[in-house]
Amino acid sequence: YKRALELEPHHANNAANYASFLDQVRGDYQQAETVYKQVLNLHPTHEGALLNYASLLTRWSQDYAAAESLYRAALMYQPRHVVALTNYAHMLHHKLKRTGEADET
């Protein structure tokens with residue numbers, strides 16, 4: 001990932017995949033968050049970055065307001081995205097106890 005980013009530092013997919021690697025493999029949540037922010041700064045509609053960053057925030061920092069914003073952004077661009085809908089509903093129900101909204105999502 002690092003070599004690919006050196007060659008193409010603004011390649012959104014590679015950067016988002018690297019952030020996911022940092023989160024899920026290395027457990028380096030802070031660095032993953034930094035990379036997700038960089039990706040979204042350059043490509044605010046990047047579906048993978050929006051969804052994976054929302055998931056990271058839900059699991060790691062418990063910043064549910066920011067995670068909800070990211071899920072809503074992803075759904076604004078792709079309203080029928082099943083993974084976004086499911087993950088958002090899961091957060092609404094399990095973390096925020098907003099069962100009615102989760103049921104409708």
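Which residues in α3 meet which residues in α4? In this predicted model, the α3 side of the contact consists of Y29, Q30, A32, E33, Y36, K37, V39 and L40. Facing them in α4 are A49, L50, N52, Y53, L56, L57, R59 and W60. By class, this contact has 11 nonpolar, two polar and three charged residues.

The geometry of the pair can be stated briefly. The axes of α3 and α4 cross at roughly 150 degrees and come within 10 Å. Angles over 145 degrees count as roughly antiparallel, so α3 is roughly antiparallel to α4. The crossing of α3 past α4 is left-handed.

Helix α4, which covers residues 47-61, also packs against helix α5, residues 64-77. Here the angle is about 160 degrees, and the axes lie 8 Å apart. The angle therefore makes α4 roughly antiparallel to α5. This crossing is left-handed. From α4, the residues L50, L51, Y53, A54, S55, L57 and T58 take part in the contact. They meet Y64, A66, A67, L70, Y71, A73, A74 and Y77 of α5. The residues of this contact divide into 13 nonpolar, two polar and no charged. L50, Y53 and L57 of α4 are listed in the contact with α3, and L50, Y53 and L57 are listed again in the contact with α5.

Between these two helices runs a loop, and Q62 lies in it. The phi of Q62 is near 55 degrees, a positive value in a residue other than glycine. Most residues other than glycine have a negative phi. K97 is another case: its phi is near 60 degrees, again positive in a residue other than glycine. K97 is placed in the loop between α6 and α7, the latter spanning 99-104. Is K97 buried or exposed? Its relative accessible area is 61%, so K97 is exposed.

The interior is described by the largest nonpolar core, which has 32 residues. Within this core, the residues with the most contacts are V35, Y36, Y53 and L70. The elements giving two or more residues to the core are α2 (12-26), α3 (29-42), α4, α5 and α6 (82-95). Of the residues just named, Y36 belongs to the α3 side of the contact with α4, while Y53 and L70 take part in the contact of α4 with α5. Leaving out residues up to four places away in sequence, L70 touches L40, L50, Y53, A54 and L57. Among these, L40 is a residue of α3 that meets α4, and L50, Y53, A54 and L57 are α4 residues that meet α5.

Two further residues show burial outside the nonpolar classes. S20 lies in helix α2. Its relative accessibility is 14%, and S20 therefore counts as buried, the cut-off being under 20%. With residues up to four places away in sequence not counted, S20 touches V25, Y36 and N52. Y36 and N52 also appear in the contact of α3 with α4, Y36 in α3 and N52 in α4.

The second is E68, found in helix α5. Is E68 buried or exposed? Its relative accessible area is 12%, so E68 is buried. Leaving aside neighbours within four places in sequence, E68 is in contact with Y88, M91, L92, L96 and R98.

How values were computed: Residues numbered from 1 in each chain as written. Predicted model: local features only at pLDDT ≥ 70, side-chain atom pairs only at ≥ 80, totals over all residues. Heavy atoms only, no water. Axes fitted to C-alpha atoms, helices over the stretch in contact; angles between N-to-C directions. Helix = DSSP H or I, 4+ residues; strand = E, 2+ residues; numbered from the N terminus. Parallel < 35°, antiparallel > 145°, perpendicular 65-115°, else oblique. Left-handed = near helix turned anticlockwise from the far one by under 90°. Contact = heavy atoms within 4.5 Å. Nonpolar A, V, L, I, M, F, W, Y, C, P; charged D, E, K, R; others polar. Buried < 20%, exposed > 50% of the residue type's maximum accessible area, 1.4 Å probe, protein only. Core = buried A, V, L, I, M, F, W, Y, C linked by side-chain atoms within 4.5 Å.
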